[in-house]
Amino acid sequence: MTSLPRPRVLLMLAAVLLLAAAGAVTAVLLTRTSEPPRRALPLQRVGELALPGDNSRFDYASLDPGRGLLFIAHLGASEVIEADVHTGRVVRTITGLSDVHGVLVVPSLHRVYATATGTDEMVTLDEDTGAVLRRTPTGAYPDGLAYDPVRHTVWTTNESGGSETVIDAATGAVRGTVDLGGEAGNVAYDPVGGGQILVDVQNRNQLAVIDPVTLAVTRRIPLPGCGHDHGLALAPTDRLAFIACDGNARLLTLDLTTRRITGTDALGSDPDVLAYDPAAHRLYVAAESGWLTVLDNRDRHLTVTGRAHLADGAHVVAVDSTTHRSYYPVPKGSDSKPALLTYRPR
């Protein structure tokens, strides 16, 4: 007959198990919240513009560099803020855009396109007046946007809908829908690769290549080492795609010619918006954690030149390739009110 453990032994065993469990939980939390090594950002703040509205979440931003007009999606307020970065003033606030996520200005058309996720539609705005010109239904949860200047179409990524809605930029008519077979991340137009459309399929860790004429997925490029590919930016002339994986805070560099991963870099946790300056060959990756990573592209290879916490909520970035200034809308500036932060390279 086996003897039963004494009460004191049982208590000691319970304590050991509790400590082990606590250690395991702590290890998981540290793994999730730890950031990569900090490196001073090669940037200098040169401006801070007070923005209207509350401290709720901002999302994408898009710049018309010729006119200096920056359009900022204030998701929490369901409005787009138009700011003149040349004069440092807010031009107007465009309301009635339910849970606005994506925003894209097309200077040649004097149009701004915004995804209203709350109503599952894309809204076309007049860049000159801010007037709502038309509303077009999309799939579920429209998010990112891309413009095809050859076929004059706007592509909207329907994140939870797992599709792309292709919309006529002039009339707002739906030209077609592309089923991605998984959650849609960001989308980009490739002007060098025959005008193909590239889109993240984030829950499959793939990059889908779409023929813009037939609206068919022609290839699915696997992304090994990526956890949930959401962010996307291109360096078309270098035939590179930059893919941010928000599940494991990694940036992949993809050779679009060989379709192979040529580089992997660590990012701040929960990377979101990417912006590439083709003139300076510089990539900016803004993260939900408020960390910004700056990487320089030399000979088709990325090198981290800065990585640090910029500001809480600084997960949005837009860059002007003529002045090389970068812009970051944040819920709280120096006076705890929403602000647009402006930086230039050191």
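**Aromatic pairs, pocket and cores**

At 13% relative accessibility, Tyr276 counts as buried, a class that means under 20% relative accessible area, with exposed meaning over 50% and partly exposed the range in between (1.4 Å probe, protein chains only). The model is predicted, so local features need pLDDT of at least 70 and side-chain atom pairs count only at pLDDT 80 or more, while totals for chains, interfaces and linings use all residues. Residues are numbered from 1 along each chain as its sequence is written, and side-chain values use heavy atoms, with hydrogens and water left out.

Two aromatic pairs were found, a pair being rings of Phe, Tyr or Trp (its six-membered ring) with centres within 6.5 Å, called stacked when the planes are under 30 degrees apart, edge-to-face when over 60 and tilted otherwise. Phe242 and Tyr276 form a tilted pair, with 5.5 Å from centre to centre and 45° between the planes. Because Phe242 belongs to strand 19 (residues 240-245) and Tyr276 to strand 22 (residues 271-277), this pair ties together parts that are 34 residues apart in sequence; strands (E, at least two residues) are DSSP runs numbered from the N terminus. Phe242 is buried, at 0% relative accessibility. The ring centres of Tyr328 and Tyr343 lie 5.7 Å apart with the planes at 85°, and the pair is therefore edge-to-face. Tyr328 in strand 27 (residues 326-330) and Tyr343 in strand 28 (residues 339-345) are 15 residues apart, and their pair links distant parts of the chain. Both rings belong to buried residues, with 0% for Tyr328 and 8% for Tyr343.

Tyr276 also takes part in the lining of the largest pocket. The space in this pocket is about 1,300 Å³, a pocket being an open set of points on a 1 Å grid over the protein atoms alone where a 1.4 Å probe fits, with protein on both sides within 12 Å along at least five of seven lines, and lining residues having an atom within 4 Å of a point. The volume is the space filled by probe spheres set on the points, which are joined across faces, edges and corners. Of its 37 lining residues, Ser62, Leu104, Leu145, Leu274 and Tyr276 are the closest to the centre. Elements that give two or more residues to this lining include strand 2 (61-64), strand 6 (100-106), strand 10 (142-148) and strand 22.

The largest nonpolar core holds 34 residues, of which Leu43, Tyr284, Leu292 and Tyr328 touch the most other members; a core is a set of buried Ala, Val, Leu, Ile, Met, Phe, Trp, Tyr and Cys residues joined through side-chain atoms within 4.5 Å. A second, separate core has 15 residues, among them Val209, Leu234, Ile243 and Leu256. Residues up to four places away in sequence aside, the contacts of Leu292 (heavy atoms within 4.5 Å) include Leu41, Leu43, Tyr284 and Tyr328.

Most residues other than glycine have a negative phi. Leu215, although not a glycine, has a positive phi of about 60°. This residue, Leu215, is in the loop between strand 16 (206-211) and strand 17 (216-222) and is partly exposed at 21% relative accessibility. Arg300 likewise has a positive phi, near 65°, and is placed in the loop between strand 24 (291-298) and strand 25 (301-309). The relative accessible area of Arg300 is 34%, which is partly exposed.

Terms used:
Helix = DSSP H or I, 4+ residues; strand = E, 2+ residues; numbered from the N terminus.
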